[in-house]
Amino acid sequence: MKELAINTADKRGQLLLTENKKIIDEVLWEGQSSHSEVITSEFENLLNKHNIESAEIKNLYCVVGPGSFTGLRVGVSFAKTLAYVNAVPIFPVNSLDLLAMNCTKSDHPIVSLIDAQKNSVFCSTYSWKQDKRVSIISNKVVPIKELHTLINGSIYYCGHGLDKYKNVLDQELLKKLKSQPEWLKMDLKKLFGKDNFCLNKGSLTWNQVQPLYIKASAPEEKLKQNS
């Protein structure tokens, strides 16, 4: 059974083609503004390269956020269109969960952080329970000045959420955050490893899938202001 995974939640776009959970091919591109220009052609090239039809893809995995409005709407809309046309399910993937999967060999507590703008971060924390990773805090928007309340002792840190805030964070807090370069980016290949805990929530139909934006669109912001 062939499956397609989609991620446009970050500056790096990614498509992953698998068959029976084994990775067949991967496409990567850089530049958030180019997602809408690239994704359709890259998908068609991927199909042509492996001589398959779109209808042969029976499952879709799509990163639904948190992420930027510009990036997320491209991948989510693309996945929903494919799901509608081919009547296949979508497995929504949370960005913070996907980041946490970079630390599959760690028994340390983990925190995933994505910049939520306005001096705040999207945050999820994870621990281990009976040899399984479980989410303790999920998709919480935390002001930078309050981040220290969530960090108790040494913790492994995934994501780029603190990149622009490091100069304002307490140095003692930064010492508690342990990271490595390979933990900072989302990678769809992690979905098909042993620790794919973020897929346990099951699948949705095309019309049930909703993106989790970092920032609302301009019309949504205006609607909020007028309500």
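These legends go with a set of views of one predicted protein model.

**View 1. The whole protein, before we zoom in.** Start by counting the pieces: the protein has five helices and ten strands. Of its 227 residues, 48% are buried. Now think about who touches whom: among contacts with a separation of 6 or more, 63% are between residues 24 or more positions apart. On the outside, the accessible surface is about 12000 Å², and carbon and sulfur atoms own 50% of that.

**View 2. A nonpolar patch on the surface.** Tyr84, Val85 and Trp206 make this patch, which covers about 350 Å². Take a look at Val85, which sits in helix H2, the stretch from residue 69 to residue 86. Is Val85 buried or exposed? Val85 counts as exposed because its relative accessible area is 58%, and the cut-off for exposed is over 50%.

**View 3. Lys2 pairs up with Glu19.** Side chains of opposite charge can pair when their charged atoms come close. Here the side chains of Lys2 and Glu19 do just that in a salt bridge, with 3.4 Å from N to O. Lys2 belongs to strand E1 (residues 2–7) and Glu19 to strand E2 (residues 12–19), so this pair ties together parts 17 residues apart in sequence. Lys2 is buried, at 16% relative accessibility, while Glu19 is partly exposed, at 32%.

**View 4. Glu3 reaches Lys21.** Next along the chain, Glu3 has a salt bridge of its own, to Lys21, and their closest N and O atoms are 3.1 Å apart. What does this pair tie together? Glu3 is in strand E1, and Lys21 is in the loop between E2 and strand E3 (22–30), so the link joins parts 18 residues apart in sequence. Glu3 is buried, with just 1% relative accessibility. Lys21, on the other hand, is partly exposed, with a relative accessible area of 45%.

**View 5. Lys189 and Asp187, plus a small network.** Lys189 and Asp187 also meet through their side chains in a salt bridge, at 3.1 Å from N to O. Which partner is buried? That's Asp187, at 13% relative accessibility; Lys189 is partly exposed, at 32%. Some salt bridges share partners, too: Lys2, Glu19 and Glu56 are joined into one network that way. Searching the whole structure turns up eight salt bridges, including the Lys2–Glu19 pair, the Glu3–Lys21 pair and the Lys189–Asp187 pair.

Methods: Residues numbered from 1 in each chain as written. Predicted model: local features only at pLDDT ≥ 70, side-chain atom pairs only at ≥ 80, totals over all residues. Heavy atoms only, no water. Helix = DSSP H or I, 4+ residues; strand = E, 2+ residues; numbered from the N terminus. Buried < 20%, exposed > 50% of the residue type's maximum accessible area, 1.4 Å probe, protein only. Contact = heavy atoms within 4.5 Å. Areas by Shrake-Rupley, 256 points an atom, 1.4 Å probe, with all protein chains shown as cover. Patch = residues over 30% accessible without salt bridge, like charges linked within 9 Å, V, L, I, M, F, W, Y side chains within 5 Å. Salt bridge = Lys/Arg side-chain N within 4 Å of Asp/Glu carboxyl O.
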